[in-house]
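Good morning. I will walk you through one structure today, starting with a pocket and ending with a few single residues. Please have the model open while I talk.

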Amino acid sequence: MKKLFVILLSLSLLLACVPTPEEDAVKQKDTNVLIETVRAEDREQQNAQATLPPVREQFPERFQCEKTVGSGAHLVADVPIHVLTEGNFPVLRVVRTTLTNDERLTLAKRFLGTDTVYEWSYHLTRETVAKQIAALIEEPTEADEQEWLRTTGFGEDEWQRMLDERRAELERLQKVYNELPTDDTLLPLPEYDGRLPLILGQNWTPVWVVGSPYEQEGQSRHRTMQYMPEDLDRPAIYQSPATPQHARGFDIESKPHDVIPQSEYDRPHDGASITPNEAIAIAKAPFESIVDLTAVSVLWANDADTDGEGAGVANNWAYVVRFSPVFHSAGLCYCTSSAYNKDEQNDEYIEPWQYEYVTVVVGGDGEILCADWFGALRVTDVISESATLLPYEDILKAFEQQMDRRFAEGYEDATVTVTDLQLGLFRIREKNDPYSGLLVPAWFFTGDCEFAGSKTSFFGPGYPLCVINAIDGSIIDPRKGY
């Protein structure tokens, strides 16, 4: 069956002319058909008592291509193929997940380097707590309720839950007020128990965690862990006073940076006393036993703002270690995008869904400056442990055809360069289920496009050049989620 499918796909590619610019290669996939195809191929392998060779043995070590595409763009590629598995790729069903209280507590202790951590707040006095109590003590009116129901889209049960939480918070604040001294004596912060922030209606503030009970100045003056509500797809953030930026501030493709080749991972970069390999080990250590990570790439970059008064002024240069989570011994492609929040077929709102990745910034001296974790996933079903992938020739044809589409108009003097290629797992939405996805093997191309010595467009991890499903050759649009 697989051979017939490959022949039909190859014929369709050979017969196709250059598509018109309006033709959209990205369509909502029937993931049920994809699942059945994968399972049928597994049965064929089992019946034949055969096993697939490791993925690394199925493809060349480098991706090479040079041709004219679209309206005349010069396409060039000569990059290593980064295969994110030592064996074969699974196909997995996944859903969003969040950390447990114990996992949040463990991460905070490791990043802050203490056995006990504390929930940060400004130095509390009876005066400041009284203001918080005053904001909650007056019960919402019926008009407030109707307005809340209208603007949130929630129902009566959610309204009642919000009221219960509001009253519980009021009781907590009244207890805090009674326990505070009448003067401004500095009292220790409470120990952090790993919980997420309390949400009252649509109002919430992050939980900041610090390493000392007396760190009660502005949180930016301390090393902090930050936790947000689970539906924001951002399980953990770490920041030190050494840099005004979160990890995302370093991880911007359009700023000056060096992508460090793996052949140089055992040598310190200029300006650093530790090697990239040592930076990887330091960055990975806090996540041990919580999430399995593989380093996809290491950059040497800075934390300069890209606009405003501080544009281009770097406070720090550091290693930016890009990690992808590992599922069943296979890594995810490093994608910083988020799937769109609209079902175009049904014109319905769908929650945005961030792709999972971890970025950790390590100074040249070995200090972790900041870290960010996005889009945590949990496997709910194993569709296949070893998926059959399309031949390399078919992927090359699908890539060139998509480049014809993408650069069909206005690129006569442009040069499109592939700068990186990952072959790893990628998440697509399941058909008719916005809260479930499949991890499928995919080819993930990034690069840039330069116009005759002028402006350059970047196609980095947040806006890749091309993503191809390695099982059926279909084009995946990360912004649409399929």
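**Pockets, cavities and a few residues**

The helix α7 gives the most to the lining of the largest pocket, with 9 residues. Before I go on, please keep in mind that this is a predicted model.

Let me stay with that pocket. Its volume is about 1,500 Å³. It is lined by 44 residues, and those closest to its centre are Gln132, Glu169, Arg172, Leu173 and Thr205. Which elements each supply at least two residues of this lining? They are α5, residues 126–137, α6, residues 142–152, α7, residues 156–179, and the strand β5, residues 207–210. Sorted by class, the lining of the largest pocket has 24 nonpolar, 8 polar and 12 charged residues.

Now the cavities. How many cavities of 30 Å³ or more does a search of the whole structure find? The search finds 3. The largest cavity has about 90 Å³ of volume. There are 13 residues in its lining, and Thr97, Thr98, Glu230, Arg234 and Pro235 are the closest to its centre. That lining divides into 6 nonpolar, 3 polar and 4 charged residues.

The second largest cavity holds about 40 Å³ of space. You can find its lining on your screen by selecting Leu332, Cys333, Cys335, Tyr355, Glu356, Leu425, Phe426 and Arg427. By class, 6 of these lining residues are nonpolar, none is polar and 2 are charged.

Let me step back to the whole chain. It has 10 helices and 22 strands. Along the principal axes, the C-alpha atoms fill a box of roughly 80 × 55 × 50 Å. What radius of gyration would a compact globule of 482 residues have? The value would be near 23 Å, and the chain has 25 Å, which agrees.

Of the 482 residues, 50% count as buried. The chain exposes about 23,400 Å², and carbon and sulfur atoms supply 48% of that area. As for contacts, take those between residues at least 6 apart in sequence: 72% of them join residues at least 24 apart.

One residue shows what such a contact can look like. Pro441 sits in strand β20, which covers residues 433–451. Is Pro441 buried or exposed? Pro441 counts as buried because its relative accessibility is 0%, and the cut-off for buried is under 20%. Pro441 and Phe89 are 352 residues apart in sequence, yet their C-alpha atoms are 6.2 Å apart in space. Leaving aside neighbours within four places in sequence, the contacts of Pro441 include Phe89, Pro90 and Val91, and also Ala387 and Leu389. Gly424 and Leu425 are among its contacts too, as are Ile468, Asn469, Ala470 and Ile471. You have met Leu425 already, in the lining of the second largest cavity.

Next is Tyr265. Where is Tyr265 found? It is in the loop between β8, residues 257–259, and α9, residues 276–284. Tyr265 is buried, with a relative accessible area of 9%. Its partner Pro276 is 11 residues away in sequence and 4.8 Å away in space, C-alpha to C-alpha. Not counting residues up to four places away in sequence, Tyr265 touches Ile260, Thr275, Pro276, Asn277, Ile280, Ser297 and Val298.

I will finish with two residues from one loop. First, some background: most residues other than glycine have a negative phi.

His328 lies in the loop between β10, residues 317–327, and β11, residues 330–331. Its phi is near 50°, a positive value in a residue other than glycine. Ser329 is also found in the loop between β10 and β11. Ser329 is not a glycine either, and its phi is positive, about 70°.

How do these two count in terms of accessibility? His328 counts as partly exposed, at 35% relative accessibility. Ser329 counts as exposed because its relative accessibility is 58%, and exposed means over 50%.

To go back over the route: we began with the largest pocket and its 44 lining residues, and then took the search that finds 3 cavities. After the chain as a whole came Pro441, which is buried, Tyr265, which is buried as well, and the loop between β10 and β11 that holds Ser329. That is all from me.

Notes: Residues are numbered from 1 along each chain as its sequence is written. This is a predicted model: local features need pLDDT of at least 70, side-chain atom pairs count only at pLDDT 80 or more; totals for chains, interfaces and linings use all residues. Side-chain values use heavy atoms; hydrogens and water are left out. On a 1 Å grid over the protein atoms alone, a cavity is a set of points where a 1.4 Å probe fits but cannot get out, and a pocket is an open set with protein on both sides within 12 Å along at least five of seven lines; lining residues have an atom within 4 Å of a point. Grid points are joined across faces, edges and corners, and a volume is the space filled by probe spheres set on the points. Ala, Val, Leu, Ile, Met, Phe, Trp, Tyr, Cys and Pro count as nonpolar, Asp, Glu, Lys and Arg as charged, and the others, Gly among them, as polar. Helices (H or I, at least four residues) and strands (E, at least two) are DSSP runs, numbered from the N terminus. The radius of gyration is taken over C-alpha atoms; the globule rule is 2.2 Å times the number of residues to the power 0.38. Buried means under 20% relative accessible area, exposed over 50%, partly exposed in between (1.4 Å probe, protein chains only). Contact means heavy atoms within 4.5 Å. Accessible areas come from the Shrake-Rupley method with a 1.4 Å probe; for residues, only the protein chains shown count as cover.
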